[in-house]
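I opened this notebook to record what I looked up in one structure. The entries follow the order in which I made the searches.

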Amino acid sequence: MIIRLFCPKCAYEGSKSLVDYAEVEVPLPVTRLTDDGTYEARCGRGHISSVRLLNAKFELLFEMGLNALVDGYAREAVSSFAASLERFYEFYWRVAMRHLSAPEEAVSNAWKSLSRQSERQLGAYISASLLLEHKMPQLLNPNKDIEFRNAVIHKGYIPSIEEAMEFGNTVMAIINGTLDNLRRLAPEAVKEIYESLLPKRPDETAESADEITGAVNILTPVDVMHPPEPGDGRLGKVSDQFARILSEREPKKLALLSKEEMKRRRPNHFQE
């Protein structure tokens with residue numbers, strides 16, 4: 001999966017004359033995903049900068065599954081969707097533990113015993129749901145979804161695009177439905193855990209443009225901090241995402257918006 005970065009130095013130069021909105025005529029560097037979420041951006045003007053990708057792991061894995069489907073790789077899509085759901089289990093568990101005031105060191109030690117076995121993680125997710133929501137969470141159907149996932153991942157079954165899309169729709173419904181509950185029940189814990197899982201900002205002591213670093217966020221259909229909205233191409237089922245993904249692969253300009261303009265365009269994301 002290719003991701004589009006931006007050049008912090010070009011953005012800094014363009015912001016000097018920014019009023020509300022501007023488009024900067026510079027090539028946006030692209031790269032492939034890495035596990036640590038940090039990248040070296042080299043733009044067409046010769047700048048070299050550091051950029052962090054501000055997304056939870058399960059958001060990126062789901063987007064990888066969508067990109068795999070667009071490119072015709074159904075088996076890889078199923079694997080990415082399944083991995084996305086497992087990492088969402090971890091996210092949910094950590095949010096629940098933070099909301100319930102479990103000691104941070106105890107949480108860290110507990111996860112060490114859970115991290116290598118998916119069945120233990122599933123059990124932790126179910127237990128966390130019982131504690132936080134007082135009910136069983138929505139799970140994959142054992143006679144359909146789990147059997148299909150295991151056949152693809154462990155038995156070498158090659159699924160059709162339609163089968164992969166159906167599995168993706170199931171995973172997306174589970175994640176988004178549960179995210180809605182988390183935002184309602186534990187909004188502060190959601191924000192704190194989300195931010196704790198992101199790549200850390202490097203110390204910046206110099207104010208020179210040469211020392212500027214940047215951060216980008218990919219808007220996905222399973223998005224913690226920026227839920228899908230009408231018109232942004234992320235609502236609907238898996239198949240409804242394809243046009244957005246193809247559009248995002250086209251050349252783009254760097255758009256700069258003032259904070260006031262951002263509030264005007266996306267008021268729901270700037271609530272005090």
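The entries below concern aromatic pairs, nonpolar cores and a sheet.

**Entry 1. Model.** I noted at the outset that the model is predicted.

**Entry 2. Aromatic pairs.** I searched the whole structure for aromatic pairs and found 10. I then examined the pair made by Phe58 and Phe88, whose ring centres are 5.2 Å apart. The planes of these two rings meet at 75°, and the cut-off for edge-to-face is over 60 degrees, so I recorded the pair as edge-to-face. I also looked up where the two residues sit in the chain: Phe58 belongs to helix 2 (residues 57-70) and Phe88 to helix 3 (residues 74-99). They are 30 residues apart, and the pair thus links distant parts of the chain.

**Entry 3. Burial of the pair.** Are Phe58 and Phe88 buried or exposed? The relative accessibility of Phe58 is 2%, and this residue therefore counts as buried, the limit being under 20%. For Phe88 I read a relative accessible area of 0%, so Phe88 is buried.

**Entry 4. Aromatic cluster.** I followed the pair outward and found that Phe58 and Phe88 belong to one aromatic cluster. Its other members are Tyr89, Phe91, Tyr92 and Tyr125.

**Entry 5. Largest nonpolar core.** Which residues touch the most other members of the largest nonpolar core? I found Phe58 and Phe91 in that role, in a core of 50 residues. I listed the helices that each supply at least two residues of this core; among them are helix 2, helix 3, helix 4 (104-114), helix 5 (118-133) and helix 7 (161-185). Helix 3 contributes the most, giving 14 residues.

**Entry 6. Contacts of Phe91.** I set aside residues up to four places away in sequence and listed what Phe91 touches. The list comprises Phe58, Leu179, Leu182, Val190, Ile193, Tyr194, Leu197 and Val224.

**Entry 7. Second core.** I noted a second, separate core of 11 residues, including Leu5, Tyr39, Val216 and Ile218.

**Entry 8. Sheet.** I turned to an open sheet of 3 strands, ordered 4-5-6, with mixed pairing. Strand 4 (38-42) and strand 6 (214-216) are the edge strands, each pairing on one side only. From one strand to the next, the twist averages 40°.

**Entry 9. Strands 5 and 6.** How many bridges join strand 5 (residues 48-53) to strand 6? I counted 3, and the two strands run parallel. I looked up one residue here, Val51, and found that its bridge partner in strand 6 is Gly214.

Definitions and conventions. Residues are numbered from 1 along each chain as its sequence is written. This is a predicted model: local features need pLDDT of at least 70, side-chain atom pairs count only at pLDDT 80 or more; totals for chains, interfaces and linings use all residues. Side-chain values use heavy atoms; hydrogens and water are left out. Rings of Phe, Tyr and Trp (its six-membered ring) pair if their centres lie within 6.5 Å; planes under 30 degrees apart count as stacked, over 60 as edge-to-face and the rest as tilted. Helices (H or I, at least four residues) and strands (E, at least two) are DSSP runs, numbered from the N terminus. Buried means under 20% relative accessible area, exposed over 50%, partly exposed in between (1.4 Å probe, protein chains only). A nonpolar core is a set of buried Ala, Val, Leu, Ile, Met, Phe, Trp, Tyr and Cys residues joined through side-chain atoms within 4.5 Å. Contact means heavy atoms within 4.5 Å. Two strands pair if DSSP finds at least two bridges between them. Axes are lines fitted to C-alpha atoms, for helices over the stretch in contact, and angles run from 0 to 180 degrees between N-to-C directions.
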